[in-house]
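Dear colleague,

I am handing over the structure we talked about, and below it you will find what came out of going through its salt bridges and its sheet. Please have it open while you read.

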Amino acid sequence: MTVYGNRDRMRGIVFSLIFLSWGFVSVTRILLGHFSGFWDAFGASWLLFSPLALNVVLGKVIVDAEGIHAWRPLGRRTYRWCEISDITVEEKVSRGHGAHRIKVHRHGCRPRWLPAPYVDIRASQEWYQQFLVQAEEIKAQWRAARVEE
């Protein structure tokens, strides 16, 4: 069994906790009647977005003899080796930001992105190479499982 997590997990957790704290302080100020305008409203809005950010940061993938188990706090999925038709590394870009991620293609289903491992498109060559090694390890286990069937 191999577990893959996100490289910048700790930084993401720290920033999410900072924004959650800011949100709780802002909501407390609002409830106590000390609403100061934009900054309190903006801080309170972080209470809505921090769980989504933590969902991305805390994502992990477990690869074992059964298949790939994608885990996030807000959802879990299992992709059995026999269901998978292909595993590819693709670049997912949105509004100038993005990452190289692993995509699992299944027979008769739409492809899904794995929550981990991934690497930012602006990451160093060393990090990108480590990501490619991890992707190849996952592909090798999939190929080995296909041969056994």
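Is R80 buried, partly exposed or exposed? In this model, which is predicted rather than determined by experiment, R80 is partly exposed, with a relative accessible area of 38%.

The partner of R80 is E66, and the closest N and O atoms of this salt bridge are 3.2 Å apart. Because E66 lies in the loop between β2 (60–63) and β3 (67–72) while R80 belongs to strand β4 (residues 75–80), the pair ties together parts that are 14 residues apart in sequence. E66 is likewise partly exposed, its relative accessible area being 47%.

By the rule applied here, the count comes to 5 salt bridges, and two others among them deserve a description. One joins the side chains of D40 and R29, with 3.1 Å from N to O; this pair links distant parts of the chain, since D40 sits in helix α2 (residues 38–57) and R29 in helix α1 (residues 9–31), 11 residues apart. D40 is buried, at a relative accessible area of 5%, which falls under the 20% limit used for that word, whereas R29 is partly exposed at 31%. The other is formed by R122 and D120, whose closest N and O atoms are 3.0 Å apart. Here R122 counts as exposed, with 57% relative accessibility, while D120 is partly exposed, with a relative accessible area of 27%. As general background, side chains of opposite charge can pair when their charged atoms come close.

Turning to the sheet, the model has an open sheet of 4 strands in the order β1-β2-β3-β4, and the pairing is antiparallel. The edge strands are β1 (2–5) and β4, each of which pairs on one side only, and from one strand to the next the twist averages 15 degrees. R80, with which I began, is therefore a residue of an edge strand, given that it lies in β4.

Within the sheet, β2 and β3 pair in the antiparallel sense over 4 bridges, and V63 stands opposite I68 in β3. In general, the strands of a sheet pair through backbone hydrogen bonds, either parallel or antiparallel.

Finally, helix α3 (residues 125–148) lies across β1, β2 and β3, and the helix runs at about 145 degrees to β1.

With best wishes

Technical notes. Residues are numbered from 1 along each chain as its sequence is written. This is a predicted model: local features need pLDDT of at least 70, side-chain atom pairs count only at pLDDT 80 or more; totals for chains, interfaces and linings use all residues. Side-chain values use heavy atoms; hydrogens and water are left out. A salt bridge is a side-chain nitrogen of Lys or Arg within 4 Å of a carboxyl oxygen of Asp or Glu. Helices (H or I, at least four residues) and strands (E, at least two) are DSSP runs, numbered from the N terminus. Buried means under 20% relative accessible area, exposed over 50%, partly exposed in between (1.4 Å probe, protein chains only). Two strands pair if DSSP finds at least two bridges between them. Axes are lines fitted to C-alpha atoms, for helices over the stretch in contact, and angles run from 0 to 180 degrees between N-to-C directions. Contact means heavy atoms within 4.5 Å.
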